[in-house]
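Please look at the sequence and the structure side by side, and keep both in view while reading. The paragraphs after them go from one part to the next.

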Amino acid sequence: MIKIKNLTVEYPLDNGRKYTALSNVSLEIEDYDNVALIGRNGSGKSTLLRTLAGVFHPARGSISLSGPPLTIFDISLGMEKDESGFNNVIIKGLYYGLSEKEVLTGIKKVESFAELGDFFYKPVRTYSAGMRARLAFSILTIISRDIYLVDEVIGVGDKFFNQKAKDLIKSKADSCKNFVLASHADQLIRDFCNKGLWLDNGKVKLFGDINDVLEAYNK
Amino acid sequence: MKFLASFFLIFNDIFKSLIIYKIWSRIALKTMFIKYNRSKLGFLWPFINSFFFAIAISVVFSEILNQDFSTYAPYLIAGFITWNFFSSIIAEQTTIFTANSSFLKELNYNLFFYIFKKSYELLFIFVINILIFIFLSICFFNQLTFDVLLLVINIPLIVFLSIFVAYVFAVINCFFRDFVFVMNNMMRLFFFITPILWHAENSDGIRAHLSMYNPFYYLINLIRDPLLSNDFNEINYIIYLCLLVFFYLLAVILFNRVNKKIVFYV
């Protein structure tokens, strides 16, 4: 359950003025509703995700979430290129709040999901960009939360891994309470979400069934 | 009442980060030596950095300044490892928010999480340096007494002060990016005008002034005096307390006014 009430978020600008990124947004997302954030670049999708994540503080209004969310904004956040894939999984797991023991228990699962072979134990600087993305993505196999906030990260690696990653995210989206995804890919949005929130210039243009919102947006 | 409470809001965030010490301390230990991964001597480097310079300078300067090596060397080494600790706090904590900007924008830890993680790294290296000094002192210099136990109080005092200093400097640096460069220059200057290479005791003229009006002198003495079994000097604690109040108040003002805006500036 996510409740947003009269939410206004302002960015300070260099000239001392403020830019209103979200203005007076109110909505309630029921349990087991997965919401796609739709809108043009700069419409406030990422701002809303970051505010829900608790990293941006509202200028006015309030938000409440039924549990701590897992944020997936920058998939390779905290990747240490001079460390092995193995150690990177541990470090990332710690950042996500898992204990080292929990990570080590699940690390075989991460290793087999990533399909990196021996490279899993080699420094990340030796990886190709696709391999890095695989590693970063695979860590998600051992983390589960009630709420996920995802910003445009799906679509990594080659065709085969892509499908695997999609399936993983899909299983998370199906089993969690709320899954909020900002994306421009219509097919992905339809696969993952049952509700759509169309943001335009920081305001809610439409909130409702995903097909209705997408149809209105694409018109 | 509300005015009074505003002085303590900062402790909310401090405690929230303090209780998840398992997270930042593990991450600190896992990541602090990564930059030495590809070097042969690896994690020995931070310790070599501290002692190589200090010992070499002791040899040269005891000659130049006509000092007895066996008393000058421990004085300089103790002062130098302490100075290294202070200057690395200032150099690294000043950029702590800007350096962690991608974390700040994604994870829901408050700002003190990153300060604590860095403090833990720096303290870890400092404590090992102190232990190495104590070992050297016992083996070669023979002037250690039970005074050294005072460090059990004095090091935590320094760390406590450093949390507020770190926060104040890191916040200032978010708004004025020149600040870190100014501080780097200041620290280089202070290394020479603080009694580390030279003695302040029994001095007059410019030496006395440089030490009397220099806050680093008193802070260094909080660590150096117990290591050298110098007499207990309450002036060190009085200056410490003044600095603590000063930086605490600055931190409170910045916390209440701009803490929530920091993420937009990094």
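What follows is a walk through two sheet regions, a single lysine, a pair of helices and the place where the chains touch.

This is a predicted model, in which local features need pLDDT of at least 70 and side-chain atom pairs count only at pLDDT 80 or more, while totals for chains, interfaces and linings use all residues. Residues are numbered from 1 along each chain as its sequence is written, and chains are lettered from A and ligands numbered from 1 in the order in which they are written.

We can begin in chain A with an open sheet of three strands, whose order is β2-β1-β4 and whose pairing is antiparallel. Helices (H or I, at least four residues) and strands (E, at least two) are DSSP runs, numbered from the N terminus, and two strands pair if DSSP finds at least two bridges between them. Strands β2 (18–29) and β4 (60–65) of chain A stand at the edges with a single partner strand each, so one side of each has no neighbour in the sheet. From one strand to the next, the twist averages 30 degrees. Strand β1 (residues 2–12) of chain A is joined to β2(A) by eight bridges, and the two run antiparallel; within this pairing, A:Tyr11 stands opposite A:Tyr19 in β2(A). Helix α1 (residues 45–52) of chain A packs on the sheet, where it touches β1, β2 and β4 of chain A, and its direction makes about 115 degrees with that of β1(A). Such angles run from 0 to 180 degrees between N-to-C directions, and axes are lines fitted to C-alpha atoms, for helices over the stretch in contact.

Now turn to strand β7 (residues 178–182) of chain A, which is largely enclosed by the rest of the structure because five of its five residues are buried. A residue is buried if 20 or more other C-beta atoms lie within 10 Å of its own, exposed if 12 or fewer, and partly exposed in between, with C-beta atoms placed from the backbone. Both faces of β7(A) are covered, with A:Asn178, A:Val180 and A:Ala182 buried on one side and A:Phe179 and A:Leu181 buried on the other. Five bridges join β7(A) to strand β3 (residues 33–38) of chain A, which runs parallel to it, and five bridges join β7(A) to strand β6 (residues 147–151) of chain A, also in parallel. A:Val180 in β7(A) stands opposite A:Val35 and also opposite A:Leu149.

A:Lys166 lies in helix α5 (residues 159–175) of chain A, and it counts as partly exposed because it has 16 C-beta neighbours inside 10 Å.

In chain B, helix α3 (residues 21–31) and helix α8 (residues 111–141) pack at an angle of about 50 degrees, with their axes 9 Å apart. They are therefore oblique to each other, a word for angles that are not under 35 degrees (roughly parallel), over 145 (roughly antiparallel) or 65 to 115 (roughly perpendicular). Residues making this contact include B:Trp24 and B:Ile27 of α3(B) and B:Phe116 and B:Tyr120 of α8(B), where two residues are in contact if their C-beta atoms, placed from the backbone, lie within 7 Å.

Finally, 19 residues of chain B are in contact with 23 residues of chain A. On the side of chain B that touches chain A, α3(B) gives the most, with five residues.
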